[in-house]
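Dear colleague,

I am passing on the structure below, and I would be grateful if you could read it alongside the notes that follow it.

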Amino acid sequence: MVAPTIVKDVLNPALYNNNDIEVQFYQQRKVWPWTKGGVHALGWVFFAGGLVLIFGLLNLRDILLDRRRLGYTLANNNPNRVLSSHRSLFDRMSLHFRAFCYLRSSLRGLATMSFGLGVLILAGFMYPLLYVFSQHPYYEQEPRFGPPPLAGRSGMIALAMTPFIILLGMKANLISLVTGMGHEKLNVLHRWLGFVCGFFSLVHSVPYIVEPLKNGGWSKLTEVFNSHVTYWNGVGALVCMFWLTFGSLNFIRAWCYEVFVHLHIILGVGYVGLMFWHCSNMLTSWHYLYATCAIWISHLAYRFIRRTNWFGPRSLYGDQAHFTPLTNDGVKITVPTRMRWQAGQHIFIRIPGISPLDNHPFTVASIMSDDTKYCEYNDLVLVFKPHKGFTRRVFDISRTHPDVSYRAYLDGPYGGLSRKLEAFETVLMVAGGSGITPIVAHLQHLASKIAKGEALTRDIRIIWTVKRFESLEWFKDEISAAARSLPRNMLLCQYYVTEETAVELPKGPVSATREWPQSPITPTFRQPAPALLRPPGTSEAGKEFQLQFMEKDIGSSSDEELHDFPFPAVRPVTPVPPLGDEVLLEFGRPPLRDGLPRWSETFGRRTCIYVCGPQSMKVDVANAVADMQSNIWACEEREEIYLHSETFGW
């Protein structure tokens, strides 16, 4: 038998004796010797890269189809003449794909994730899990023969995940460019992939504890960890990873968001630095760390140079922000700027005079003027309700010093729609509270495109749900102005108020822009008699009024059941403010889950449904759109119902 050739460094020379003939012989006979460990990391790279490629191709197909439809219609100078394509097998399969992917669970904690996203996350976990644990052996025959193979496989895969985690967490990244998904959506994958990386980092660490314990107990474990600093810097990296994942849990982020953000950055830098030290350029480890640093540094440089208004042709000293108090605790920030943005995009704003370290995202509620040149200014408008921290301080200033202006630094824009709304015949936009902000910008953009004859859209519908009448004051003028710029019967607006006492409204409301239909989305309930509009107290008439009001919310019941119900104190009636004659006002919550599928019978060939609001609203709309996909399958006149859900959870 020919003696094996002596190969230098078959193992990490800092931890193992490469001059041992038995070690040399053992490693050279293995199917997967330690020196081929880089293959484990490449498997994850190909897996993740393949997913990005698939979603990129789907996004490209949608973009090209929208462009083709718009080009065909505009080339014929006939907005009513649209390109109708024969539905292929792919089109029919995509209906089932969307019906599944749009579905959401109503369970608390899972509502932020659609079924499609859940499957994607599960696949991203199951692939490395099966790869790591389906192969044997887990440990070497003797500790001196090399590191545990289980630790090697899991460690290299966790290392290969690091640049993808950083990429998914960046505001401007290549994955967003390829797939059309904004960073606010990819941030969900950023967090989940961080948990997966943390799990496999732990799997990488455990064998180095179990192996010494099995071969000598605690004394052996102490001896191993005291033998070389590699074990200790690995522990440091694991501690950083633990906080990066555990600190990203929703309740911690909501409790102390600013502390979380700054600790996240500091510990992220610490983790990468410790990993450089821990890996010591063994195998291909530093390739992934170099890639991580390149992504991080290039992203920061791009944001600093190209996306921030403190440098470059926009301005050297930022722009001036003006605060305006709005009704119902609303605040409007107006920033005249030369920044360019599109409808539905958001920016990050930093105001050093209020909070020098805070950088907060807000959706832009305005659009740029059509005839604006690059060097001219536009009013960038942000509208929000305060919570705590930065937004609460801005709220206080808007009430106490409304005439004061502050220097503001804008970072953006980011996000927005990858599809063109003007390429859809029907556009339905559903908003809850301040979720109306991007919808107003999209409405203004659509109105501009329609006025120029550059849109296929012939049916626009808006559903806006608020708690109090005062919130409707925020954008009623903008919506009214857009409505009057559109052709008659093109815009349908329905406002729902949930915390005001129902009052008698004119029968058969007719809009100035549309003869109002009795649509399935409109909830039906008996209007109270004029005599009962006063706070009725505990009289029989008062109980009858409350019965009528409750029937809308809890459904019809027997008189005995309702009269036994304990009646709360009646809220005083608030006068209905002037909203504009293009608006239909309703009380209570819109029946989105059950009403939208029936309402979809009046949709055009291709429809975009845009929703921005609380999680419960997005769940109802997503599940309703999932139900609509089966109707498209059965009707040849329908082609697509596309859902876009705005997500702000980073």
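The largest nonpolar core (a set of buried Ala, Val, Leu, Ile, Met, Phe, Trp, Tyr and Cys residues joined through side-chain atoms within 4.5 Å; buried means under 20% relative accessible area, exposed over 50%, and partly exposed in between, with a 1.4 Å probe and protein chains only) has 64 residues, and those with the most contacts inside it include Ile-436, Trp-464, Phe-475 and Leu-596. Helix H19 (residues 615–634) gives the most to this core, namely eight residues, helices being DSSP runs of H or I of at least four residues, numbered from the N terminus. At least three residues of this core come from each of domain 2 (319–414) and domain 3 (421–501 + 583–646), with bounds taken from an automatic or database domain assignment. Phe-475, leaving aside its neighbours within four places in sequence, is in contact (heavy atoms within 4.5 Å) with residues including Ala-365, Val-383 and Trp-464.

This is a predicted model, in which local features need pLDDT of at least 70 and side-chain atom pairs count only at pLDDT 80 or more, while totals for chains, interfaces and linings use all residues. Residues are numbered from 1 along each chain as its sequence is written, and side-chain values use heavy atoms, with hydrogens and water left out.

The mean pLDDT of the chain (the predictor's confidence in each residue, from 0 to 100) is 80. Confidence is lowest in helix H16 (residues 540–554), at a mean of 36, and highest in helix H5 (residues 149–169), at 94. Over residues 506–572 the pLDDT is below 50.

Cys-612 counts as buried because its relative accessibility is 7%, whereas Cys-293, at 23%, counts as partly exposed.

With best wishes

Definitions and conventions:
Helices (H or I, at least four residues) and strands (E, at least two) are DSSP runs, numbered from the N terminus.
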